[in-house]
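Please look through the structure shown here, beginning with the surroundings of the ligand and then turning to a single lysine and its neighbours.

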Amino acid sequence: MTNPLRDPRDRRLPRVPEACALVVFGITGDLARKKLLPAFYDLANRGLLPTNFALLGFARRDWGDGDFIALAEKAARDYARTEWREDVWERLAGNMRFVPGSFDDDEAFDNLTTTLNDMGDTHGIQGNAAFFLSIPPAMFPVVLQQMQRTGLADNDRSGGWRRVVVEKPFGHDLNSAIELNTLVDDVFGWRDVYRIDHYLGKETVQNLLALRFANNLFEPIWNAHYVDSVQITMAEDGGIGSRAAFYDETGAARDVLQNHLLQLLALTAMEEPVQFIPSAIRTEKLKVLRAVTVPEDLDAYAVRGQYEQGWLAGERVAGYQQEKDVPEDSTTETFAAVRLGVETRRWAGVPFYLRTGKRLPRRVTEIALSFSKAPHLPFAKTDTEELGHNQLVVRVQPDEGMTLKFGSKVPGSMMEVRDVSMDFLYGETFTEASPEAYERLLLDVLLGDAMLFPLNEEVEASWDVVDPLEAHWAGAEPHRYRAGEWGPDAADQMLARDGRVWRRP
Ligand SMILES: NC(=O)c1ccc[n+]([C@@H]2O[C@H](COP(=O)([O-])OP(=O)(O)OC[C@H]3O[C@@H](n4cnc5c(N)ncnc54)[C@H](OP(=O)(O)O)[C@@H]3O)[C@@H](O)[C@H]2O)c1
């Protein structure tokens, strides 16, 4: 029975999904071990999973439930963010099942269907199940076809809800994305497809909406009249780790620009949604993505680079071509920077500079709005020599927070204006720790809340931006940069051409 005193629109209280199961294909993989399994433990620990929540793993191992539970326990102990509680773990582990098999094995999928049906009765999940495709993208079609064949994807046949979660990459260009979207939307129905862009699960990214639309302070200046330019940076100090095969096929633009950076751009540039509901927010994001323009002079305003051997944090690191399993003549980019426009009344003429790269000096993601200079300065020129552009910086990670940079008088009898900063840090202001992005997103899938998941149209509009860049770069050598530097010189020249410089985050 629902509580008559509780307003269903009140989002302050935590919501717990109804009884359900989650099936993870590729449960032995990197993502499942490092992110998904720990997130389930953290959700259980926070009391956010329904009683009897059933977790099913599927992979090609000759395993029983016990082997799976041991793998899951190790993953949770190694990577969960909340404290270890034996009783929580026991309860979660008691409802875990492993189904062995390969994706082309009909019998394994029949077995999965039976196991899930049986658990429907024993665990009271009444047909409610989500399926997480934590598998190589090339395997999506065969798994989706198996789910169609066995009726696993069928809401009516199962008697409950059925949802599917797809991880990036969502295709490798517009055509392959359309093909994938058509298939997955056809098997599940578009409302039941959840595309994970884990950046949207981050508190700071969601806070961008609060910052812009809950306050009256920023929105009046959030436009081309006051904003000179926007820089969105996602820098990583790490290299490619053990994912050479995937990365060498993909590159920085497809791996990061197409999804994370363009989603951050969409949230920064979108109009106010008429309501704080998924359809309204997705509509506004889509309008922005469709208004994004690629520069005509791609030679000057689309730069890609590849790291060479260098130094990072006092350690010598190898160049990209020397990384294990990377071809020594690889031309894949590990850095990409581009100047985009947003052709709307609000943003016409404001450049959006996006950059991402590996082996850069530090790991940081931020959105920086740089404001125009004051139209008139009633000071002597020397008084304001140290005054830069006012800036508002949203730091997505790490040191989550916001910085406002503006000019202030230096104390003393002389007149001198210099840049100062005002900081808001999540870690200092709130006692609650932010949940991991995957915790939030997995919970939303089970609750059926699609707010933070991009629509297939958004994915396709993003490929419309990236495809011309890829076509321009095809066959050309990337610029080189030393590991530990902020990308190639060409990226600095790109901004210098416009009379600007990159921020040092
Ligand atoms: N790792 C990350 O940090 C990360 C980040 C963002 C997105 N993603 C995306 O997440 C997905 C999974 O990535 P991952 O890094 O976890 O991949 P992975 O480590 O290569 O794991 C792949 C999983 O798929 C299973 N698998 C592969 N072929 C199979 C087959 N024919 N039949 C049954 N199972 C099969 C493997 O199981 P067995 O080999 O044990 O059978 C393994 O559990 C990919 O779409 C990737 O692009 C990953």
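Sorted by class, the residues that form the shell around the ligand comprise nine nonpolar, six polar and six charged ones, and these assignments, like everything that follows, come from a predicted model. The ligand is surrounded by 21 residues, and the closest of them are Thr28, Asp30, Arg60, Arg61 and Ile135.

Some of the polar atoms in this shell can be followed individually. In the side chain of Thr28, an N or O atom is 2.6 Å from an oxygen atom of the ligand, and in the side chain of Arg61, an N or O atom is 2.8 Å from an oxygen atom of the ligand. The backbone takes part as well, since a polar backbone atom of Leu31 is 2.8 Å from a ligand oxygen atom. Taken on its own, the ligand has 890 Å² of accessible area, of which the protein covers 80%.

The lysine to examine next is Lys74, which lies in helix H2, a helix that spans residues 65–79. Is Lys74 buried or exposed? With a relative accessible area of 52%, Lys74 counts as exposed, because that value is over the 50% cut-off. The side chain of Lys74 nevertheless has a partner, for it makes a polar contact with the side chain of Asp78 at 2.7 Å. Another aspartate, Asp105, is separated from Lys74 by 31 residues in sequence, and in space the two are 28 Å apart, C-alpha to C-alpha.

How values were computed:
Residues are numbered from 1 along each chain as its sequence is written. This is a predicted model: local features need pLDDT of at least 70, side-chain atom pairs count only at pLDDT 80 or more; totals for chains, interfaces and linings use all residues. Side-chain values use heavy atoms; hydrogens and water are left out. A residue is near a molecule or strand if one of its heavy atoms lies within 4 Å of it. A polar contact is a pair of N or O atoms within 3.5 Å; within protein, one must be able to donate a hydrogen and the other to accept it, and residues adjacent in sequence count only if both atoms are side-chain atoms. Accessible areas come from the Shrake-Rupley method with a 1.4 Å probe; for residues, only the protein chains shown count as cover. Ala, Val, Leu, Ile, Met, Phe, Trp, Tyr, Cys and Pro count as nonpolar, Asp, Glu, Lys and Arg as charged, and the others, Gly among them, as polar. Helices (H or I, at least four residues) and strands (E, at least two) are DSSP runs, numbered from the N terminus. Buried means under 20% relative accessible area, exposed over 50%, partly exposed in between (1.4 Å probe, protein chains only).
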